[in-house]
Each structure stands twice: as structure tokens, then as C-alpha cells.
Amino acid sequence: MKKIKIALLGLGNVGRGVWNIINENGEEIRKRSGYDVEISKILVRDKDKARGVEVPEEILTTNYSDIVEDKEIKIVVELMGGVNPAKEYMLEAMSKKKHVVTANKMVLATEGEELFEAADREGVMFYYEASVAGGIPIIQGVNESLAANKIEQLYGIVNGTTNYILSKMELEDMDFDDALKEAQEKGYAEADPTSDIEAYDATYKLAIISSLAFGTKIRYEDIYREGITKINSMDIKYAKELGFVIKLLAIAKDVNGELELRVHPTLIPKTHPLANVYDSFNAIFIKGNAVGDLMLYGRGAGDLPTGSAVVGDILSVLRNESNLENYSAIKNNLWERNLKPMSDVNRRYYLRITVKDKPGVLGDITTIFGKNNVSMRSIIQREREADNASLVIITHHTKEGDLMNSVDKIKELDSLESVDNILRIESFNSK
């Protein structure tokens, strides 16, 4: 049996998962790859830190040169997170003709082009399945199984933290702060949850997967992003009443040749498969012109699910070591695609506002909408507090720019108390 030596950069949550999978499933890995995989070095910051896993002390190192200068190590697995020094370490590994596997969505979304170019230049393989949806094989799915399709639409619940929070708010009537606190206590959210709740994490992931799906270079900065911090129990209540649930969706569409890319809280029909994705689970719903509708579902985070994707990439390297052609879809043959401005996005909208409860208010709002080409589908007026009333307005399909122009004018009304929330509604059609 041939032996292959690999190194891990980092022994955190995912690193422990990779260690356990390789050691517990060694026989299966040997059968599937034809190699005996040995983790010969692990880069850590502190060799004395307790990590909840038994690792021989002699394979731990705080010096990266012990890994990159070791000619017997053929694969470097980057599990550190962040941009630097992770990027520099991967580039240096590639320069030494070592294949690289990573789970780092931030570095891929921000510096991915440099890494792919280096892999091409050095003739090494670069895999990143675990960067998007943990254990869900979406990268391989798009890159290989769906390669014959023109992908038309992609919708993803790709952040387990936000999905857990919204699930608790919907199913247990928790408010946002309590749901976030519970997510932190269970390890689903970091002490600083900004990357998750403000949708940076989901935006990085959408940049990666949409680049693959549509064969173009996507800068994460060009994707519209909105987090979930404005969602409260009132919005959850009205969504239920209207037949919707609220999910943080990463959305990518090909609309008449233009790409529509956005990440934001979205009202989706209760009957749609994504509406039933709860807790910390992830799911990606794809519409291809040949395959039709397809959904991938599973754990999007955690040591073993993410570790499973990482080890799967290691096996892909081993299987393809003698054939380096076409191992990555984000290499060459990319083409320029126009991104649709957010103001031109055509959707239905949910608008919740508080107004003074007096005659003529609704007429003023209706007039403003009419002048801005916004058609109202329904209005709910039930909640009253003192002299104020809460209005929930559902629109027909309209351009976002027209809706926002209307909102700007509504804000000028003396009768307006506040614009409490504006949410988009997804119908999952071709528009």
C-alpha cells in the first residue's frame, strides 16, 4: 500500500474533525484511494494547548517551515481561517509543488484568483469543497455532476448560525437576542457574531459558488448584502399569517444574460422545500435547464461534516494525482458577465410601517406608490398602540428602485412614525 504524507495547518474544530475521520476511517480511505494517508505534521500556535483530541506531540509544530520544507509532505490542508497568513502559507506550499486543500471561504472570496493562478502556474491541485456548505458536496456537484447544465437559479441557506436563530424565532417565539445567545451557548455562533448575522459569511460563500455556477469571476464586494438583525417577532408573526417563513437566502440568478446576486432575509412560501430547513442545517436549491429542480441538504458546519468535505477533497487529490487537467472550474475559460444593479431587481416586497391612526393616511401612501409604479397586493392593519397603527403592505412585482423611491417619499409624510422593515419575497419563478 502506497503511503501519502499530509500536513494540517490548524487543529481547531475542523482540524479535529479531519484528524478523527482519517484515523477512524483509515480502512475505508485506503480502499477508496489506494493510499495509506498519514498526517505527519500539524501547525499550531501553542503546542501545549488542550484540544480535546489525542495527537502525538512529535507531529505538532509552531514553525511552518517544518511543513513547507519537508519534501515528503505532498498535501497541505489549510484550516486556519482568515486571509493572512493562510494565503501566504498556501502560496508557499504551491511553490514547493504541494497540493492544497482548504475550508477557508474568506480567503477564497477575497483572494481566490491569486490562489487559482498559482495552482495553475505550479501545476498543483487546489480543492475547496468545505468552504461553502460544510458537508454538503455542492462544489463537486456544480463542478462535475451538473457540468452539462446551464444553471439558471441558485438559492442557498448557507449559514447555520442565522438559520438556527430564525428557526428559534419562528418555532419557539424567541426574540432575536435570546435566540442569538442560545446559538452562542451551543457553539453555533462566535462571541462576535457579526460575520454571521450581518451576512458576510453567506456572501463569501455565494461569491465562491456563483463563480462556479456561472463561469465568471465574482467579487464578494459586488454582491448585495443584508443581515438579519432587523427581523423581530412582529415580522415572524406576519410572515406566518401570510403563508411565509423568513430565511436568510443567498440568491444567484441568470436573468436574460445578467447575473442577479444578493444575500438578504427573504420571505419564502411555506410550501417550498427550503422553508422546512431548520436548526443549523444548510440547503442549496438549484434550477438547471436540463436537470430541473434539485436540492442538496445537510449539516453546513461542525467538525465532522466539514471534516468530511475536507477529507473528500484529499481523496480527490489522490485519485487525480496523475491527471492534473480540469481539476478546477475556476481556472481558465471564464467570461465577463454583467451584474444586475439592485435597483433593477424585480420582486414582490413586504413593507411594515407605523403611522398615525388618522383618516387619509392610507390614501397618501397609495398615491405615492401609484406615482412610483408600485402596485399594492394586500394591506394588513391590526396592531394599534396609543394613536399609532402598524401597516403591513405586500406589493406585486416591482423594481427595487421604484419601491425605495416610494419609501423615501413616504418618509416625508407627517403621518409616518417609522419604516420598521422592508423584506423581499421570493416566488421561485423565472422572473
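Let us begin at K97, a residue that is partly exposed, with a relative accessible area of 46%. Keep in mind as you look around that this is a predicted model. K97 has a partner: E122 forms a salt bridge with it, and the closest N and O atoms of the two are 2.7 Å apart. E122 lies in helix α5, while K97 sits in the loop between α4 (86–95) and β5 (99–102), so the pair ties together parts that are 25 residues apart in sequence.

Now step back to the whole chain. It is divided into domain 1 (2–134 + 303–326), domain 2 (145–299) and domain 3 (346–425). Notice that domain 1 is written as two stretches of the chain, 2–134 and 303–326. The contact between domain 1 and domain 2 takes 12 residues from domain 1 and 13 residues from domain 2. Taken over C-alpha atoms, the centres of these two domains are separated by 28 Å.

How much area do domain 1 and domain 2 bury between them? The value is about 1,100 Å², and 72% of it is on carbon and sulfur atoms. On the side of domain 1, the residues that lose the most area to domain 2 are K105, A109 and V132, which together account for 47% of what that side buries.

One of those residues, K105, is worth a second look. K105 forms a salt bridge with D201, with the closest N and O atoms 3.0 Å apart. Across the interface of domain 1 and domain 2, 2 salt bridges are found. Between the two domains there are also 2 residue pairs in polar contact, counted where both residues have pLDDT 80 or more.

Which elements supply the side of domain 1 that touches domain 2? Both α5 (105–122) and α6 (130–133) supply at least two residues each. The largest share, 6 residues, comes from α5. By type, the residues of this side divide into 7 nonpolar, 3 polar and 2 charged. Helix α5 is also where we met E122, the partner of K97.

Salt bridges make a good trail through the rest of the model, and a search of the whole structure finds 28 of them. Take E38 and K3, whose closest N and O atoms are 3.3 Å apart in their salt bridge. E38 lies in strand β2 (residues 35–43) and K3 in strand β1 (residues 2–9), so this pair ties together parts that are 35 residues apart in sequence. E38 counts as partly exposed, at 25% relative accessibility.

Further along the chain, D420 forms a salt bridge with R352, with 3.7 Å between the closest N and O atoms. This pair links distant parts of the chain, since D420 is in strand β17 (residues 416–425) and R352 in strand β13 (residues 346–356), 68 residues apart. Are these two partners buried or partly exposed? D420 is partly exposed, with a relative accessible area of 25%, whereas R352 counts as buried at 5% relative accessibility. Elsewhere, salt bridges that share partners join K253, E260, R262, R347 and E426 into one network.

Strand β13 also holds N346. N346 is partly exposed, with a relative accessible area of 31%. Although N346 and T398 are 52 residues apart in sequence, their C-alpha atoms are 5.1 Å apart in space. The side chain of N346 reaches the backbone nitrogen of T398 at 3.4 Å. Leaving aside neighbours within four places in sequence, N346 is in contact with H397, T398 and K399.

A little further on is K409, which lies in helix α15 (residues 400–410). K409 counts as partly exposed, at 44% relative accessibility. K409 and F369 are 40 residues apart in sequence, and 9.1 Å lie between their C-alpha atoms.

For a last stop, turn to N282 in strand β11 (residues 281–288). At 0% relative accessibility, N282 counts as buried. What does N282 touch, not counting residues up to four places away in sequence? Its contacts include A133 and I136, then I157, V158, N159 and G160, and also V277, L296, Y297, G298 and G300.

Note on methods
Residues numbered from 1 in each chain as written. Predicted model: local features only at pLDDT ≥ 70, side-chain atom pairs only at ≥ 80, totals over all residues. Heavy atoms only, no water. Domains from an automatic or database assignment. Contact = heavy atoms within 4.5 Å. Buried area = accessible area lost by both parts, 1.4 Å probe. Salt bridge = Lys/Arg side-chain N within 4 Å of Asp/Glu carboxyl O. Polar contact = N/O pair within 3.5 Å; in protein donor to acceptor, adjacent residues only side chain to side chain. Helix = DSSP H or I, 4+ residues; strand = E, 2+ residues; numbered from the N terminus. Nonpolar A, V, L, I, M, F, W, Y, C, P; charged D, E, K, R; others polar. Buried < 20%, exposed > 50% of the residue type's maximum accessible area, 1.4 Å probe, protein only.
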